[in-house]
Amino acid sequence: MDGAKAALVLFVAALLQLVVLTQYVTFRSGSIVLVTLLSIALLRGSVFGAVAGFFTGLLIDTATLGTLGVTSLLLTVGGFWIGRYGETTARDRFHAPFLSVAVVTVLYAFGNLALRFVLGEPAPARLVVHGLWSGLLVNLILTLPVYALVRRLFPPGEISDRVREVRLLG
Amino acid sequence: MPRNRTVRLAVLGSSVQRTAASGYPSNRSSALKRRIVVGGLVVLSLVLITISFRSSALDGVESTAATALRPFEVAADRVSAPFRDAVDWFHGLTNARSENSRLKAENAQLRHQLVLDQSAVYQNVQLQNLLHYQGPPSIAAFNRVNAEVTVNPQSPIDQSVTIAAGSAQKLAVNDVVIAPNAGGVGGLVGTVTRVWSHVARVTLLTDSSSHVSAADVTSPSALGIVSSADSGDVLIFDRVSKSKRVERGDTIITSGTIGKGALPSLYPKGIVIGTVSYQSESDANAFQTIQVQPLVDFSSVRSVIVLVPKDKG
């Protein structure tokens, strides 16, 4: 059930990003898909995040007619990492979604740049650095409503993979 | 009183296992599962990148998937159209007064320019007929395929768009793409770089891999290469000799193939690229430093015209 919900939410987010938001230059630096994916990963864990990231990336690569697998790779790693953060440290901390989005936005931008460079495609680092601040701002602004919506759809407390072993001190 | 170390050791030295909810896998097996899943997905992504980059084996799948996505993209575009129009309407309202007076002045200037241009074109055609002049191919030698932009650039470094026309409409790699204009032909947009049956990828002129041989309309002997300035919205008109006169406000067009070189230009002669926004010379540089403001607003290209050579059809 969660899988179908996540697929639908990410599909709508991807369409919104691909067709609507990127008509405005401001939203080309940010990404509602990334914010949605990270919110889901934070609430549903690393495996869920990685699988959701892989298929969302595949959808974006297909729609943009880009090199298949590039966005998948970045979103798989991002989804997994933030999912793991959600399973362990983040728990119900208020700052967790904002911190996750901020860190992954920066890493995603440089990861994308590095992959393009390795594939021999144009990779102007200057454009990435210039767009980073606006991208960070847009994504952080999007985080509040998107995370609230995702949290409604995927109520917390159902992560099967949270750490269940604790060491008592003192 | 002696301290009871036994209890302390017992607490520090051992871990306490919480009761796992029924049906959940044990920690060790779930960690293994997690590693297998993420490792498998990363490897699969790398395999996809390799196949997609090195061969065209996945082109068919990609084409089918892109075609299947098309109805959803159209639906999303239609659903968002009223909201987009509302945003544009409010934006237009705030600029309407200043834009109106600017456009009136521009209109008067362009009417005057049009009269001069029409007489020059008429004279040019007459002279070419008299001399039986054989020049490089112009836009008239191409069929025009109108196509909608379905997917916009997705990041600041992505300088490409997806259009809703492909090999079924006789598009091919390196076909030239221009913007539509109320008068007919708009500015240069870029070239087709990948083609599928019903969709194609267009690399914009602002991409750092795009280079166009160009000339100044006012000073036709000022030839050079227009390429991206790496700042996204400005182009560089490079390799222009210092002996040529180029001034701010001059119109830059594609020069087409000069002479009978082994590598003819992809672009027909006479497509407007933009206007000169900055020009300077320095002793350190063998050529002039010229910046060009593109005619096309690359941030909002919603439809394009692809020029397909007539001999192909």
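How many residues of chain B are in contact with chain A? In this predicted model, 51 residues of chain B are in contact with 48 residues of chain A. On the chain B side, the elements that contribute two or more residues are helix H1 (5-12), strand S1 (16-17), helix H2 (27-54) and helix H3 (59-131). The largest share comes from H2(B), which gives 14 residues to the side that touches chain A. By class, this side of chain B comprises 24 nonpolar, 16 polar and 11 charged residues.

Turning to chain A itself, the secondary structure consists of 7 helices and 1 strand. Read from the N terminus, the order is α-α-α-α-α-α-α-β, with the strand at the end of the series. The C-alpha trace of chain A spans about 55 × 35 × 25 Å along its principal axes. A compact globule of 170 residues would have a radius of gyration near 15 Å, and the 16 Å found for chain A agrees with that expectation. Of the 170 residues, 56% count as buried. Contacts far apart in sequence are well represented too: among those between residues at least 6 apart, 71% join residues at least 24 apart.

Two helix pairs of chain A give a closer view of the packing. Helix H3 (residues 32-44) and helix H4 (residues 46-64) of chain A pack with their axes 8 Å apart, at an angle of about 160°. Since angles over 145 degrees count as roughly antiparallel, H3(A) and H4(A) are therefore roughly antiparallel to each other. Their crossing is right-handed. From H3(A), the residues involved are Val33(A), Leu37(A), Ile40(A), Ala41(A) and Arg44(A); these meet Phe48(A), Gly49(A), Ala52(A), Gly53(A), Thr56(A) and Ile60(A) of H4(A). The contact of H3(A) with H4(A) holds 7 nonpolar, 3 polar and 1 charged residues.

H4(A) also packs with helix H1 (residues 2-20) of chain A, where the axes come within 10 Å and cross at roughly 35°. The crossing of H1(A) and H4(A) is again right-handed. On the H1(A) side, the contact is made by Ala6(A), Leu10(A), Phe11(A), Ala14(A) and Leu18(A); on the H4(A) side, Ala52(A), Thr56(A), Leu59(A), Ile60(A) and Ala63(A) take part. The residues of this contact divide into 9 nonpolar, 1 polar and no charged. Ala52(A), Thr56(A) and Ile60(A) appear in the contacts of H4(A) with both H3(A) and H1(A).

Some individual residues of chain B also deserve a look. Thr193(B) lies in strand S5 (residues 184-195) of chain B. With 19 other C-beta atoms within 10 Å, Thr193(B) is partly exposed, because a residue needs 20 or more to count as buried. Beyond its neighbours within four places in sequence, Thr193(B) is in contact with Val173(B), Arg201(B), Val202(B) and Thr203(B). Thr193(B) and Ile252(B) are 59 residues apart in sequence and 24 Å apart in space, C-alpha to C-alpha.

Two loop residues stand out by their backbone angles. Lys170(B) is not a glycine, yet has a positive phi of about 70°. Lys170(B) sits in the loop between strand S3 (160-163) and strand S4 (176-181) of chain B. Arg239(B), also not a glycine, has a positive phi of about 65° and is placed in the loop between strand S9 (235-238) and strand S10 (251-254) of chain B. Lys170(B) counts as partly exposed, with 16 C-beta neighbours inside 10 Å, and Arg239(B), likewise with 16 C-beta neighbours inside 10 Å, counts as partly exposed.

Conventions: Residues are numbered from 1 along each chain as its sequence is written. Chains are lettered from A and ligands numbered from 1 in the order in which they are written. This is a predicted model: local features need pLDDT of at least 70, side-chain atom pairs count only at pLDDT 80 or more; totals for chains, interfaces and linings use all residues. Two residues are in contact if their C-beta atoms, placed from the backbone, lie within 7 Å. Helices (H or I, at least four residues) and strands (E, at least two) are DSSP runs, numbered from the N terminus. Ala, Val, Leu, Ile, Met, Phe, Trp, Tyr, Cys and Pro count as nonpolar, Asp, Glu, Lys and Arg as charged, and the others, Gly among them, as polar. The radius of gyration is taken over C-alpha atoms; the globule rule is 2.2 Å times the number of residues to the power 0.38. A residue is buried if 20 or more other C-beta atoms lie within 10 Å of its own, exposed if 12 or fewer, and partly exposed in between; C-beta atoms are placed from the backbone. Axes are lines fitted to C-alpha atoms, for helices over the stretch in contact, and angles run from 0 to 180 degrees between N-to-C directions. Angles under 35 degrees count as roughly parallel, over 145 as roughly antiparallel, 65 to 115 as roughly perpendicular and the rest as oblique. A crossing is left-handed if the near helix is turned anticlockwise from the far one by less than a right angle, and right-handed if clockwise.
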